[in-house]
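The exercises below concern the sheets and salt bridges of one model. Work through each task with the structure open, then compare with the solution.

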Amino acid sequence: KTTKRAQSRRKMLNKLQRLEPPKKDRTYTFRFPLGRATGKEVLKVEHLEVGYDTSLVEPLEFTVMNREKVVITGENGIGKTTLLKTLIGRIPSLGGRFDWIDTASISYLEQESDLKGNATVFETVHEEYPLFTRREILSLLAAHGIDAEKARRPLDTLSGGELTKTRLALLRHRKGNVLVFDEPTNHLDAQAKDALKEALIAYQGTLILVSHDRVFYESVCDYEISLY
């Protein structure tokens, strides 16, 4: 009796459409710890000219105060990234001057990832934090949307969004007091973008941000410097 019933049930089940299990929304926990405090005037820019052979914009003059969050906007190619690279000393200025307060400790996230090669994500984070245990590294990466399988992948196989999340994970335990971020939302999914927004709003230090995403930066930044 039970054999026939089971065979009948099997036929019914074989006719049912198989559905994929519902996917859970990925959760992120981004955070930027604050190191020692700075004084009141963090960055002073006076008649600064930026570019390579010729200046890209008119001489710039502005001051960024402690705990202010500033966004730099402008058309593509106007010199936003060049300005940031000048301010952090990657390229020389063409004129004028800028002065960071001597207590400034800068964490820089550039627009394009500098992570390349055959090293895995796990190895890259382990090199940055050699005292972390395997579990601590995997937990750190998971908080930034990189699961154990992706942690074993070479950097060259990651997508743009995965590289950005890895770079944000590398900043998690660097205790600075100034963030300089160049288009950090590029390639990020909506949930990661929201988590980054919340982390920057909660950040207690100074932020200089380049972004084209108005919805993102308007809820984070105190004021805008527009290049033209």
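**Exercise 1. Describe how helix H2 lies against the strands, and the sheet these strands form.**

Step 1. Helix H2 (residues 80-87) lies across E1, E2 and E4 and runs at about 120° to E1. Helices (H or I, at least four residues) and strands (E, at least two) are DSSP runs, numbered from the N terminus. Contact means heavy atoms within 4.5 Å; axes are lines fitted to C-alpha atoms, for helices over the stretch in contact, and angles run from 0 to 180 degrees between N-to-C directions.

The model is predicted: local features need pLDDT of at least 70 and side-chain atom pairs pLDDT 80 or more, while totals for chains, interfaces and linings use all residues. Residues are numbered from 1 along each chain as its sequence is written, and side-chain values use heavy atoms, without hydrogens and water.

Step 2. The three strands make an open sheet in the order E2-E1-E4, with antiparallel pairing; two strands pair if DSSP finds at least two bridges between them. Its edges are E2 (60-65) and E4 (95-100), each pairing on one side only.

Step 3. E1 (residues 41-49) and E4 share five bridges, and leucine 43 has tryptophan 100 as its bridge partner in E4.

**Exercise 2. Place strand E7 among its partners and state how covered E7 is.**

Step 1. E7 (residues 206-210) pairs in the parallel sense with E3 (residues 69-73) over four bridges, and with E6 (residues 178-182), also parallel, over five. Isoleucine 72 is partnered by valine 210, whereas valine 178 stands opposite threonine 206.

Step 2. From E6 the chain reaches E7 through helix H7 (residues 190-202) in a right-handed β-α-β crossover: with the strands pointing away from the viewer, the path from the first strand over the helix to the second runs clockwise.

Step 3. Five of the five residues of E7 are buried (under 20% relative accessible area; exposed is over 50%, partly exposed in between; 1.4 Å probe, protein chains only). Thr206, Ile208 and Val210 cover one side, Leu207 and Leu209 the other.

**Exercise 3. Which residue in helix H7 forms a salt bridge with aspartate 213?**

Step 1. A salt bridge is a side-chain nitrogen of Lys or Arg within 4 Å of a carboxyl oxygen of Asp or Glu. The partner is lysine 193, at 3.3 Å, N to O.

Step 2. Aspartate 213 sits in the loop between E7 and helix H8 (214-218), 20 residues apart from lysine 193.

Step 3. Lysine 193 is partly exposed at 25%, while aspartate 213 is buried at 16%.
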